Amino acid sequence: MAGRAKVDISLDAELVVEVMVLAGVGSPQDAVEAVVRDYIARGHRTEARVQAQDEPRRTADTVEQPPQG
């Protein structure tokens with residue numbers, strides 16, 4: 001990504017250490033970034049699943065409608 005903006009935030013140290021342990025990462029910055037990226041990826045996967053589940057319904061609705069007139 002070209003021209004990425006950076007944001008500095010403060011987090012509870014215990015929270016960050018727990019994230020570092022769970023993520024298996026030695027850097028607080030990398031650990032928090034990994035969690036944020038995972039959260040975003042999960043959101044995209046959920047959106048894709050919902051869209052895939054809705055697609056057959058939308059197709060069926062369009063196919064099964066009788067002609068007007």
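Valine 7 sits in the segment before α1 (13-23), where helices are DSSP runs of H or I of at least four residues, strands are runs of E of at least two, and both are numbered from the N terminus. The model here is a predicted one, with local features needing pLDDT of at least 70, side-chain atom pairs counting only at pLDDT 80 or more, and totals for chains, interfaces and linings using all residues. Residue numbers start from 1 along each chain as its sequence is written, and side-chain values use heavy atoms, with hydrogens and water left out.

Overall, the protein chain has 2 helices and 0 strands. Just 6% of its 69 residues count as buried, a label for residues under 20% relative accessible area, while exposed means over 50% and partly exposed covers the range in between (1.4 Å probe, protein chains only). The accessible surface of the chain comes to about 6,400 Å², and carbon and sulfur atoms own 57% of that; such areas come from the Shrake-Rupley method with a 1.4 Å probe, and for residues only the protein chains shown count as cover.

Back at valine 7, the relative accessible area is 67%, so this residue is exposed. Val7 also joins Ile9, Leu11 and Leu15 in making a nonpolar surface patch of about 410 Å². Patches take in residues with over 30% relative accessible area and no salt bridge, with nonpolar side chains (Val, Leu, Ile, Met, Phe, Trp, Tyr) joined within 5 Å and like charges within 9 Å. Of these patch members, leucine 15 belongs to helix α1 and is partly exposed, at 45% relative accessibility. Leucine 15 lies 9.8 Å from valine 32, C-alpha to C-alpha, with their positions 17 residues apart in sequence.

Valine 32 and valine 7 turn up again at the largest pocket, which has a volume of about 600 Å³. On a 1 Å grid over the protein atoms alone, a pocket is an open set of points with protein on both sides within 12 Å along at least five of seven lines, whereas a cavity is a set where a 1.4 Å probe fits but cannot get out; lining residues have an atom within 4 Å of a point. Grid points are joined across faces, edges and corners, and the volume is the space filled by probe spheres set on the points. There are 16 lining residues, and Val7, Gln29, Val32, Glu33 and Val36 lie nearest the pocket centre. Helix α2 (residues 28-64) gives the largest share of the lining, 7 residues. By type, the lining splits into 10 nonpolar, 1 polar and 5 charged residues, with Ala, Val, Leu, Ile, Met, Phe, Trp, Tyr, Cys and Pro taken as nonpolar, Asp, Glu, Lys and Arg as charged, and the others, Gly among them, as polar.

As for salt bridges (a side-chain nitrogen of Lys or Arg within 4 Å of a carboxyl oxygen of Asp or Glu), the whole structure has 2. Glutamate 33 pairs with arginine 37, their closest N and O atoms being 2.9 Å apart. These two are 4 residues apart in helix α2, so about one helical turn separates them. Glutamate 33 is partly exposed at 28% relative accessibility, as is arginine 37 at 49%. Aspartate 38 and arginine 42 form a salt bridge at 3.1 Å, N to O, and they too are about one helical turn apart, because 4 residues separate them in helix α2.
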